[in-house]
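Biologist: I should like a close look at the nonpolar interior of this chain and the aromatic rings associated with it. Please treat the packing as one connected account.

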Amino acid sequence: MLADIAIAALILMTALIAITFIAHLWVPVVYVPTPHVVVKEMVELAHLKPGNRVYDLGAGDARLLIAAKRKEPGITVIGCELIPTVWALGKLNILKSRQKVTLRFQNILRCDLQDADVVFLYLIPSLMEKLKEKFDQELRPGTRVVAYVFKIPGKEPEKEVKVPWMGSERAVRVYRW
């Protein structure tokens with residue numbers, strides 16, 4: 001019985017790894033979790049209020065969504081993640097957290113943001129450029145975008161805060177549409 005469960009788990013894990021490998025052929029992004037100190041700073045900079053709709057594009061393991069929901073329980077949090085194993089890890093973390101968090105298995109460029117009050121980002125520069133166009137089309141005036149490391153091309157941040165990173169510093173920027 002226990003051996004059967006172990007074999008089934010091994011088969012499932014192998015399948016998820018294979019699917020992730022195949023997904024990386026089309027999705028040029030690697031999973032790099034946002035450090036916990038940065039998560040805390042991003043949530044603070046978002047100035048969350050009850051009733052806000054908060055999105056995390058490339059939500060990874062959902063840690064930012066969970067932290068935001070814990071900080072302000074009256075918000076709605078939605079993440080979009082396209083890498084199957086990372087999405088599954090995020091779903092597991094949400095289950096463990098017992099927070100009401102939505103994590104969609106979805107391409108971030110197809111995520112409808114028209115109702116967003118806050119958007120979190122930690123993405124590569126080529127995606128930041130594509131997202132600027134998307135934000136210009138979809139975000140309402142006043143929507144806050146909190147981005148870690150990479151800048152949004154052609155947009156000046158409203159605020160920039162340095163956070164520690166491996167003996168150095170990186171930036172968290174707040175943009176307003």
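Modeller: The account below begins with the nonpolar cores and then turns to the aromatic pairs. The model is a predicted one. Its largest nonpolar core comprises 29 residues, and those with the most contacts inside it are M42, L48, F120, Y148 and V172. At least two residues of this core come from each of helix 2 (36-46), helix 3 (63-71), strand 4 (118-121), strand 5 (144-148), strand 6 (159-165) and strand 7 (168-176). Helix 2 gives the most, with six residues. A second core, separate from this one, has 21 residues, including L57, L113, V145 and I152. In soluble globular proteins, nonpolar side chains tend to be buried together.

Y148 merits particular attention. Leaving aside neighbours within four places in sequence, Y148 is in contact with T34, P35, V38, M42, L121, Y122, V163, W165, R170, A171 and V172. Among these partners is Y122, and both Y122 and Y148 are buried.

The aromatic pairs number three. In one of them, Y122 and Y148 meet edge-to-face, with 4.6 Å centre to centre and 65° between the planes. This pair links distant parts of the chain, 26 residues apart: Y122 lies in the loop between strand 4 and helix 5 (125-138), and Y148 in strand 5. F135 and W177 also form an edge-to-face pair, at 5.2 Å centre to centre and 85° between the planes. Here F135 belongs to helix 5 and W177 to the segment after strand 7, 42 residues apart. Both F135 and W177 are buried. In addition, K155 lies over the face of W177, at 4.2 Å from the ring centre.

Conventions:
Residues numbered from 1 in each chain as written. Predicted model: local features only at pLDDT ≥ 70, side-chain atom pairs only at ≥ 80, totals over all residues. Heavy atoms only, no water. Core = buried A, V, L, I, M, F, W, Y, C linked by side-chain atoms within 4.5 Å. Buried < 20%, exposed > 50% of the residue type's maximum accessible area, 1.4 Å probe, protein only. Helix = DSSP H or I, 4+ residues; strand = E, 2+ residues; numbered from the N terminus. Contact = heavy atoms within 4.5 Å. Phe/Tyr/Trp six-rings, centres within 6.5 Å; stacked < 30°, edge-to-face > 60°. Lys NZ or Arg CZ within 6 Å of the ring centre and 35° of its normal.
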